[in-house]
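Subject: Structure for you to look at

Dear colleague,

I am passing on the structure we spoke about, together with some notes on what was found in it. Please open it and keep it in view while you read.

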Amino acid sequence: MNADFGAPKDLAGGLQQRRSLYQPTLPPCLQGATVKVEYGDATTTIDPTCANVVAEAFPCTYGQPLVSFVAPPPDAVDNDRAPIRVGVVFSGRQSPGGHNVIWGLHDALKAYNPHSVLYGFVGGTEGLFAKKTIEITDDVLASYKNQGGFDLLGRSIDQIRSNKQVNAAMTTCNNLKLDGLVVIGGVTSNSDAAQLAEALVQNNCKTKVVGVPVSLNGDLKNQFVETTVGFDTVCKVNSQLVSNVCLDAISAGKYYYFVRLMGRKASHVAFECALQSHPNMLILAEEVALSKLTLMEVINKICDGVQARAELGKFHGVLLIPEGLIESIPEMYALLQEINILHNNNVPVAEMPSQLSPWAAALFQFLPPFIRRELLLHQESDNSAQLSQIDTEQLLAHLVEAEMIKRTKEGRYKGRKFSSVCHFFGYQARGSVPSNFDCDYAYALGRISLHMIAAGLTGYMATVANLKDPVDKWRCAAAPLTAMMSVKRHLRGPGAIPIGKPAIHPSPIDLKGKAYELLREKASSFLLDDFYRTPGGIQYEGPGCNAKPITLTIENQDYMGDIEILKDCLSKVRTMVKPGCSREVLKAAISSMLSVTDVLTVMSHPLNAELPLYHFN
Ligand SMILES: O=P(O)(O)OC[C@H]1O[C@](O)(CO)[C@@H](O)[C@@H]1O
């Protein structure tokens with residue numbers, strides 16, 4: 001690695017310079033040097049059927065309580081606080097706002113005790129294993145505040161997983177006498193952080209491990225985590241690009257733009273961009289997987305859309321797909337699985353096609369040569385295909401064109417010749433200057449991380465709830481990483497056997513949610529009416545800067561399921577306990593009628609604080 005990490009950045013004048021001066025807004029509880037730590041109920045896991053497996057895998061860190069942070073009372077005794085030593089590592093992929101986590105952590109650390117030290121691991125996890133550090137100071141941070149990229153420290157493999165890697169990380173923590181290690185990343189990095197936390201406790205290492213949810217994919221979402229840092233920015237930047245091509249398409253009326261967006265296991269980015277820019281078509285991986293659509297069924301669906309538009313005299317359009325679409329098509333998934341096994345068996349790439357099963361070989365041969373080459377690329381660290389390198393949008397455009405030619409020959413399509421232009425909007429947005437929302441959110445999470453370490457929490461994730469409200473209503477908390485875990489299983493239903501290691505899994509688009517329903521209601525209008533929307537570039541200051549402060553998915557994120565549970569629960573609870581009962585009695589009543597997950601949902605629900613108040617006092 002030859003980058004000069006931590007060196008001052010040459011900020012171009014104007015916007016970049018002004019952004020470095022932006023001061024994130026802080027929720028009230030984080031405004032002082034300390035916080036009051038409130039412990040909630042013990043946790044299990046989001047999937048109670050896996051609780052035993054998770055408990056067995058994490059004997060020391062499973063079942064820890066939920067924690068919330070509130071402002072300390074004005075008369076709180078402010079004892080001397082010993083300096084704290086913390087390390088921070090960029091583990092997951094680049095995502096706008098990552099630098100602000102480090103900035104928030106640094107500011108909280110220095111406010112806590114000015115002699116505290118923050119080490120940044122240079123070159124990501126590899127820097128952690130090799131104890132390659134720089135000290136993070138005000139000077140080092142100055143030109144990275146509110147800037148995109150992860151170039152302050154860089155990153156390498158998103159893994160702290162093998163025994164060798166865990167031991168190397170532990171040695172570094174011991175050598176540097178770290179009180180805390182902050183791991184920045186998405187689902188994979190936070191699963192690894194949980195494993196590292198457990199290993200450190202088991203080996204009597206004093207370092208507390210804290211995870212911070214940073215991922216452009218927005219798929220680390222559960223009852224504790226509303227969204228990840230970077231998702232807001234990436235969706236806004238991509239939505240602008242998508243709306244630009246929509247306007248380009250309608251202007252000349254001659255091209256279909258096929259746009260692939262990042263999102264490996266879940267289609268959140270594509271979904272949000274569709275909500276923001278209203279393209280003609282959106283194919284969600286979750287829908288395809290649910291309906292088990294074959295590749296040709298997907299192609300026919302697109303061709304039917306092209307044909308319906310042609311009947312209205314429209315020969316242009318914009319189609320969005322997530323990069324994970326290819327894996328959601330059953331036969332493509334099966335083919336990728338076979339290739340995966342060949343990789344795991346170290347079969348040379350050139351020999352792979354000949355070792356595929358007959359049906360997989362037939363499918364492979366049917367695909368255009370560029371896709372064949374891309375499918376054979378080496379896997380990612382989580383053993384999945386390198387989806388960012390597979391030009392699925394080109395595959396679709398190629399097959400749609402062939403199908404439209406066929407329909408023309410058969411006399412089924414009488415419109416103009418189909419023409420396409422393909423784009424992958426991925427890395428462009430990933431390196432973007434973060435939005436105000438991501439700057440504030442990341443900075444707050446950085447500050448929370450310090451308070452978690454100071455409170456001695458390990459195996460936890462920093463969280464903020466109520467994100468759709470103004471910052472002064474944000475609720476700062478920490479949730480055990482094991483509470484977010486589940487285990488993959490073979491079969492669905494009661495006989496299903498959990499397999500594999502417990503991990504935090506990406507959460508897919510909720511196909512029963514309000515945001516999805518909204519989009520489906522508009523699908524036919526989007527397809528035919530060219531109902532394009534132009535959100536424009538991110539506005540940082542002045543009129544319009546807060547017009548849409550947070551992504552529409554989050555805004556429409558309904559707690560409907562939870563509210564239904566809550567309402568139902570309340571009506572039953574009323575018949576069981578007296579108004580003004582204690583929290584314990586209330587909890588026992590709730591527990592007697594709900595599953596462990598639902599009790600957790602209700603007790604950690606944003607409305608929970610009101611539960612005893614307006615119904616029982
Ligand atoms: O930087 P790389 O290794 O190409 O990673 C690309 C992957 O990272 C992500 O941007 C984030 O997980 C994915 O959407 C994408 O597939």
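The notes below begin with the ligand and then turn to a single residue in a loop.

Please bear in mind that this is a predicted model. The shell around the ligand is formed by Arg93, Leu216, Asn217, Met262, Gly263, Arg264, Glu323, Ser388, Tyr427 and Arg430, and these residues divide into three nonpolar, three polar and four charged. Both domain 1 (27–70 + 82–230 + 434–504) and domain 2 (232–327 + 392–430 + 509–553) contribute residues to this shell, and therefore the ligand lies between them.

Three of the charged side chains can be followed to oxygen atoms of the ligand, and you may like to find each pair on your screen. For Glu323, a polar side-chain atom is 2.4 Å from a ligand oxygen, while for Arg93 the corresponding distance is 2.9 Å, and for Arg264 an N or O atom of the side chain lies 3.5 Å from an oxygen of the ligand. Taken on its own, the ligand has 400 Å² of accessible area, and the protein covers 84% of it.

The other place to visit is Gln379, which sits in the loop between helix H16 (369–375) and helix H17 (392–409). Is this residue buried or exposed? Gln379 has a relative accessible area of 13%, and because buried means under 20%, it counts as buried. Beyond its neighbours within four places in sequence, Gln379 is in contact with Asn340, His343, Asn344, Ser384 and Gln386, and its side chain makes a polar contact of 3.3 Å with the side chain of Asn344.

With best wishes

Notes:
Residues numbered from 1 in each chain as written. Predicted model: local features only at pLDDT ≥ 70, side-chain atom pairs only at ≥ 80, totals over all residues. Heavy atoms only, no water. Near = heavy atom within 4 Å. Polar contact = N/O pair within 3.5 Å; in protein donor to acceptor, adjacent residues only side chain to side chain. Areas by Shrake-Rupley, 256 points an atom, 1.4 Å probe, with all protein chains shown as cover. Nonpolar A, V, L, I, M, F, W, Y, C, P; charged D, E, K, R; others polar. Domains from an automatic or database assignment. Helix = DSSP H or I, 4+ residues; strand = E, 2+ residues; numbered from the N terminus. Buried < 20%, exposed > 50% of the residue type's maximum accessible area, 1.4 Å probe, protein only. Contact = heavy atoms within 4.5 Å.
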